[in-house]
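Open the model in a viewer and keep the sequence panel visible. The stops below are meant to be selected one after another.

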Amino acid sequence: MGEVDQAFIQSIEHRANLDTIEIEGIPLIDLSLSHTTDINLLVSEIGNACKNWGFFQVINHGVPLELLEKIKVAAKAFFDQPVEEKRKVKRDEVNAMGYHESEHTKNVRDWKEVFDFLIKDPSFLPASPETEDDEIRTLSNQWPETPPRFSLLMLVREVCQTYAREVEKLGYKLLELISLSLGLPSNRLNGYFEDHTTMMRLNHYPPCPCPELALGVGRHKDAGALTIVAQDDVGGLQVRRKSDEVWVPVKPTPNALVINVGDTIQVWSNEAYESVEHRVVVNSERERFSIPVFFFPSHYVMVKPLEELVNEGNPPKYKPYNFGKFFVARNRSDYKKLEVQNIQISDFKII
């Protein structure tokens, strides 16, 4: 990644403006009820953040702060390995878990390398996006071997699994708060996650010699229900503000986690809440690490607007679609540039 070849270069209209600007950031929400006895206030804050931004940060979230630091150390330990070692657990179109260094977003290569693993191992997804294909494939994690001389790497698997379990608890808590904010019972969404396909990722963004030309991750929306992101102090995540489409930097907040709603919640809520475009800019001086957890429903879930939220005055805005098939179709461009635009929830929009 020492040079920028053509595969990384964004079209002019999608390149980042690297000038530093001071701008109002996404909401910061304290999940602790110690500062208020009224859970309705917390639910209202969550609802407003989902409606107006699609993104927010949370503090007092229940994930141990010591574990937050350990997961960042674990990420660095993995990516500091020689590339030959990392490629021993390289993922591909058959085994989608493991190391990958050439992911594409919107058919442009991202300036990053990643390591992916499942919270539930094994997990199951459709073998193909084709409607008539009923075959299900099994996904399993790949973990790096631990050379005796590299004690830090011995902790990667243990720390990642412990962190994933804690963030899974937070994910369910957030789903309950979002359900309440929509006027639904707190457990309304839980049934969609009985055999969830939730995935965790370690992201590494190396310094880029031409950050004005490339992006760590190009503009995109997340396919799942929720994404929960731990990030270091370097910064780089940007959110496209709904009100004016300005790209707003997400300033790293000590001990906070970044939350965004994905396409699945946009459909479930019948667009009461919106999945918002975001991207990652890079810099020429400092590497950056982030650790997202993508909350995905069970592969067999048919995603459609919730019955309680639609009526004659607010009819369904989307046709039902199978989450697993949708996810598999979107991931086809992870490995190669496609000649067509990837599938989006807009393809299921009822006009």
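The tour goes through a predicted model, starting from an annotated range and ending at salt bridges.

**The annotated range**

Select residues 196–297. The unreviewed UniProt entry places the feature "domain: Fe2OG dioxygenase" there. Over this stretch the chain is 39% strand and 6% helix. Its end C-alpha atoms are 5 Å apart.

**Strand 6 and its partners**

Next select strand 6, residues 113–118. Six of its six residues are buried, so strand 6 is largely enclosed by the rest of the structure. Colour the side chains by direction: E113, F115 and F117 point one way, while V114, D116 and L118 point the other way.

Add strand 3, residues 98–100, which pairs with strand 6 in the antiparallel sense over three bridges. Within that pairing, Y99 has F115 as its bridge partner. Then add strand 9, residues 199–205; six bridges join it to strand 6, and the two run antiparallel. Here D116 stands opposite R201.

Step back to K112, in the loop between strand 5 and strand 6. Is K112 buried or exposed? Its relative accessible area is 3%, so K112 is buried. Draw a distance from its C-alpha to that of V217: the separation is 7.6 Å, although the two residues are 105 apart along the chain.

**From strand 6 to strand 8**

Move forward to the loop between strand 6 and strand 7 (123–126), where P122 lies. The peptide bond that joins D121 and P122 is cis, with omega about 5°.

Strand 7 leads on to strand 8, residues 136–139; four bridges join these two strands, which run antiparallel. Pick L125 and find its bridge partner in strand 8, R137. Which residues make up the covered face of strand 8? They are R137 and L139, with I136 and T138 on the uncovered face.

**Positive phi values**

Select N107, in the loop between strand 4 (104–105) and strand 5 (108–109). N107 has a positive phi of about 65° although it is not a glycine. With 16% relative accessibility, under the 20% limit, N107 counts as buried.

Now go to E245, in the loop between strand 12 (237–240) and strand 13 (247–249). E245 also has a positive phi of about 65° and is not a glycine. The relative accessible area of E245 is 56%, so this residue is exposed.

**Two helices**

Helix 4 covers residues 156–181, which is 26 residues. From its first C-alpha to its last it reaches 37 Å, close to the 38 Å expected at 1.5 Å a residue. After the helix comes G183, with a positive phi near 80°.

Helix 2, residues 65–79, has 15 residues and reaches 22 Å between its first and last C-alpha atoms, close to the expected 21 Å. Its buried residues include L67, L68, I71, F78 and F79. In the same helix, four residues apart and about one turn from each other, are E66 and K70. They form a salt bridge whose closest N and O atoms are 3.4 Å apart. E66 is exposed at 57% relative accessible area, and K70 is partly exposed at 41%.

**A nonpolar surface patch**

Show the surface of L33, I39 and L180. Together these residues form a nonpolar patch with about 230 Å² of accessible area. L33 sits in the loop between strand 1 (28–30) and helix 1 (39–52), and at 43% relative accessibility L33 counts as partly exposed.

**Further salt bridges**

How many salt bridges does a search of the whole structure find? The search finds 22. One of the pairs to display is E85 with K88, at 2.9 Å from N to O. E85 is partly exposed at 23%, and K88 is exposed at 54%.

Select E271 and K349 as well; their side chains meet in a salt bridge at 3.1 Å, N to O. E271 lies in the loop between helix 5 (263–268) and strand 15 (278–280), and K349 in the segment after helix 6 (323–330), so the pair ties together parts that are 78 residues apart in sequence. Both are partly exposed, E271 at 30% and K349 at 32%.

For the last selection, take R91, E103, D110, K112, D116 and R201: salt bridges that share partners join them into one network.

Definitions and conventions:
Residues are numbered from 1 along each chain as its sequence is written. This is a predicted model: local features need pLDDT of at least 70, side-chain atom pairs count only at pLDDT 80 or more; totals for chains, interfaces and linings use all residues. Side-chain values use heavy atoms; hydrogens and water are left out. UniProt positions are given in the numbering used here, feature names are shortened, and annotations may be inferred rather than shown by experiment. The expected span of a helix is 1.5 Å times one less than its number of residues. Buried means under 20% relative accessible area, exposed over 50%, partly exposed in between (1.4 Å probe, protein chains only). Patches are made of residues with over 30% relative accessible area and no salt bridge: like charges are joined within 9 Å, nonpolar side chains (Val, Leu, Ile, Met, Phe, Trp, Tyr) within 5 Å. Accessible areas come from the Shrake-Rupley method with a 1.4 Å probe; for residues, only the protein chains shown count as cover. A salt bridge is a side-chain nitrogen of Lys or Arg within 4 Å of a carboxyl oxygen of Asp or Glu. Two strands pair if DSSP finds at least two bridges between them.
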